[in-house]
Amino acid sequence: MEWHPLDFADDSNFDAELEGTILNSLNQSPLPKNGKANSTKLPDSLYIFPILRRPFFPGMAAPLMIETGPFYEILKVIAKSENKFIGLTLTKKETDDIYTVGFDGLHKVGVLARVLRIIPMEQGGAQVILNMEKRMKIEHPVKKSKQLLAKVSYYEDDIVLSKELKAYAISIISTIKELLKLNPLFKEELQIFLSHSDFTEPGKLADFAVALTTATRDELQEVLETYDVPDRIEKALVLLKKELDLSKLQNTINQKIEVTINKSQRDFYLREQLKTIKKELGLEKEDKVTEREKFEARLKIRTLSPDVKEVIREEMEKHASLEPQSPEYALSRNYLDWLTTIPWGIKSPDIHNLKEAEKILEKDHYGLEDVKQRIIEFIGVAKLSGSLKGSILCLVGPPGVGKTSIGKSIARALNRKFFRFSVGGMRDEAEIKGHRRTYIGAMPGKIVQALKYCQTMNPVIMLDEVDKLVSNYQGDPASALLEVLDPEQNVEFLDHYLDVRCDLSDVLFIVTANVLDSIPEPLLDRMDIMRLSGYITEEKLQIAKRYLIPKNRTQVGLKPKQVTFSQESLRALIDGYAREAGVRTLENNLKKILRKITVKIVRESEAKPQKKKAAANIYPIDPKDLQEYLGKPQFHTDRLYESPPIGVCCGLAWTSMGGTTLYVEAIKVPNAKTEMKLTGQAGDVMKESSEIAWSYLHARAHMYAPGIAFFQKGQIHLHIPEGATPKDGPSAGVTMVTAMISLLLNTPIVNDLAMTGELTLTGRVLPIGGVKEKLVAAKRAGIKTIIFPKDNLRDIDELAAHIKKGITIHFVDHYDEVFKIAFPHKKMKSV
């Protein structure tokens, strides 16, 4: 390759002194004006150029980029020298900086390179074409030199061809041929090598072979430093074999990928050809035409308002003008899909048959007579008025009492589709009113989704757990529900995704909640409240016999005769394992028993397949069997005391899980001053009730305990057991006063008595809530006598007779009446 000299005479950065220093160190003279070399003598000193990635080998021709800097200045001077030699050595670390690395950071063995051509770069520096001449070794650095100038020695291959070397050479050539088949890129490098080398030279063949590989820099440097040709050619063959294996693996992977790609392309072309043929024959239409016809077919069976018609027409025109490859095409198609899927004007015919409704409610639910009656009234009004518009039912009660199943029964009774979704934990109003179409993945809200699912504009939609809505900085879905549930607003409900008005006035909304306290007042004001208080033992007994046992027995594959529950076993199961207000725990325990019986039957059938006895697979469940299937009872009694001691009074409380008994205990502790202390994790309202009770008794103690000093030099400690459970509410006022009077008189209250009522400072007993729940809790605890405020007489009268059966109820208006019932043997001093 001919070298074309460059003229650096016009370079203002050229350093003549540097040129002289370099040329002297190389034992050469400056290049004559005619550009011809004077000698081919190899210099004993070389300027070393560090390289980072991989070493060069003798016999190679390769380009090298030299950036502007100290090496570029050296290069300009070397270009004017006679033979233009430089040394190339590999750094010991690939991360080293070539401008700061010293001789300690360089490998000793490198190559002598001759500069063939220098091509200046526009951005500065130059690309240098080099020919690698032979191996060289750094002996020691030249002193008093700021550059990497070193004394070097050279190595020439001096070998005698042997059979072993010839065999190695043939193996290398065979491997290279295989590599050429797998990677044609090696062919060009092979032609370059052949132009100035011969395969009969094993040393050069080894250098060329190893240069073809993608071995690591350390493996290549090891070969470069191997002077012994047999060792070198052996190492080269090993690296070449590794490269062959790697190329085969790469080729296998490429073939697999090409097969997959070719198959996909082939399938695509065939589908496109098939589509074109069908279009030509009139068997298939374009996607846009097909979709448009699908949308128009949907609209034919729907009754659209003028506004909706106009929006759909405009969107269809827009959709027709878009190309299928356009990103907006899919958005427009999805929007039209939703607009045409909504059942505009489609309604299921209502059935307002009271007898049929009563039959369905009786079949699906036992008890809950007040709720059933309210639903029948609701349907009766709808029959006369011809519409259920403006009706939003709110079913409130503890878990497991049948709120969701009642909603399904209402839908069945009215012949309407039913859709339920839970709003518990919902924090984004977009789930109610939809996302705006500008967002990726936008979709309508749950209300519109319910209409699409039911395909009628008058379904029954149940919003479950409405008392557990989340309202914070992230959103306020409760406010979004106001528009949905307000009969005056939902006539023109606007979903953000549809962006057209939607009439929800024909939808019957049913919401469920465990408590009403957490429901926002504006939302609660729009609802018709129906309370499901829970079931007493007799009701649970009938529910288990009529519904739970037959349903779950069928689910596990048992026949009615294979397992039977006695009346006593069901009662023991309810009292000992399932005392909650609902029947969910009762059902779970029944499932557990039935599963274990199923396992027993299967094991018996496997153990005696030929000798099956008819009576062997019959399992009657008695009270004594419950511990075998369910373990020890979880509950023993709701009564802490069978006979209350002095200073203890039984109250009644309401919780989200139903009613429960609530005892108040009072003791006297010596103290410097007379005061009262309350414990038991009582809330603020209950603390105020205790202070009212203390003040009231302090003011009237002379009437209830004449001649007895009022707790002089003593602290009265009031405690409400089960201190880990938070308690609050005003209805424990009369209970607290009664417990303190019992302590003051040193007399226990009468047995089997419970009471509830809010007390004022003047002794008036005010009405309370949760009457049914408290009555059920008292009956479950075996209490025979209950004191209620007189103003709750109306609530008691509305209860079914079987709930009040066996309980004596006293209605009081003032605490004096409570005193006479609780302490019948004590006389109260008149004012």
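## A tour of a predicted model

The accessible surface of the protein comes to about 43200 Å², and carbon and sulfur atoms hold 52% of that area. Please keep in mind as you look around that this is a predicted model. The protein has 831 residues, of which 46% count as buried. Its secondary structure consists of 27 helices and 24 strands. If you take the contacts with a separation of 6 or more, 75% of them join residues 24 or more positions apart.

### The nonpolar core

Let us begin on the inside. The largest nonpolar core contains 63 residues, and Ile48, Phe49, Leu88 and Leu130 have the most contacts inside it. Isoleucine 48 makes a good place to stop and look. Leaving aside residues up to four places away in sequence, isoleucine 48 touches Phe71, Gly87, Thr89, Phe103, Leu106, Met136, Ile138, Leu148 and Ala150.

### Helix H3 and its two sides

Helix H3 runs over residues 163-182. From the first C-alpha to the last, its 20 residues reach 29 Å, close to the 28 Å expected at 1.5 Å a residue. Which residues of H3 are buried? They are Leu165, Tyr168, Ala169, Ile172, Thr175, Ile176 and Leu179. Viewed down the axis of H3, these buried residues fall within an arc of 130 degrees, so they line one face of the helix. The general geometry helps here: an α-helix has 3.6 residues a turn, so residues three or four places apart point the same way. On the other side of H3 you will find Lys163, Ile170, Lys177 and Lys181, which are exposed.

### Salt bridges

The structure holds 30 salt bridges. Three of them are set out here, with the distance between the closest N and O atoms.

| Salt bridge | N to O distance |
|---|---|
| Glutamate 317 and arginine 313 | 2.7 Å |
| Lysine 551 and glutamate 587 | 2.9 Å |
| Arginine 794 and aspartate 795 | 3.8 Å |

Take the pair formed by lysine 551 and glutamate 587. Lysine 551 lies in helix H18 (residues 537-555) and glutamate 587 in helix H20, so this salt bridge ties together parts that are 36 residues apart in sequence. Lysine 551 is partly exposed, at 42% relative accessible area, whereas glutamate 587 counts as buried at 14%.

The pair of glutamate 317 and arginine 313 sits within one helix, H9 (residues 306-321), where the two residues are four apart, about one turn of the helix. Glutamate 317 is partly exposed, with a relative accessible area of 46%, and arginine 313 is also partly exposed, at 39%.

In the pair of arginine 794 and aspartate 795, arginine 794 counts as exposed because its relative accessibility is 56%, and exposed means over 50%. Aspartate 795 is partly exposed, with a relative accessible area of 22%. Salt bridges that share partners also join Glu310, Arg313 and Glu317 into one network.

### Asparagine 589 in helix H20

One more stop takes us back to helix H20, which spans residues 584-607 and includes asparagine 589. Is asparagine 589 buried or exposed? With a relative accessible area of 11%, asparagine 589 is buried, because buried means under 20%. Which residues does asparagine 589 touch, not counting those up to four places away in sequence? They are Leu573, Tyr577, Ala578 and Leu630.

How values were computed
Residues numbered from 1 in each chain as written. Predicted model: local features only at pLDDT ≥ 70, side-chain atom pairs only at ≥ 80, totals over all residues. Heavy atoms only, no water. Buried < 20%, exposed > 50% of the residue type's maximum accessible area, 1.4 Å probe, protein only. Contact = heavy atoms within 4.5 Å. Areas by Shrake-Rupley, 256 points an atom, 1.4 Å probe, with all protein chains shown as cover. Salt bridge = Lys/Arg side-chain N within 4 Å of Asp/Glu carboxyl O. Core = buried A, V, L, I, M, F, W, Y, C linked by side-chain atoms within 4.5 Å. Expected span 1.5 Å × (residues − 1). Arc of directions from axis to C-beta.
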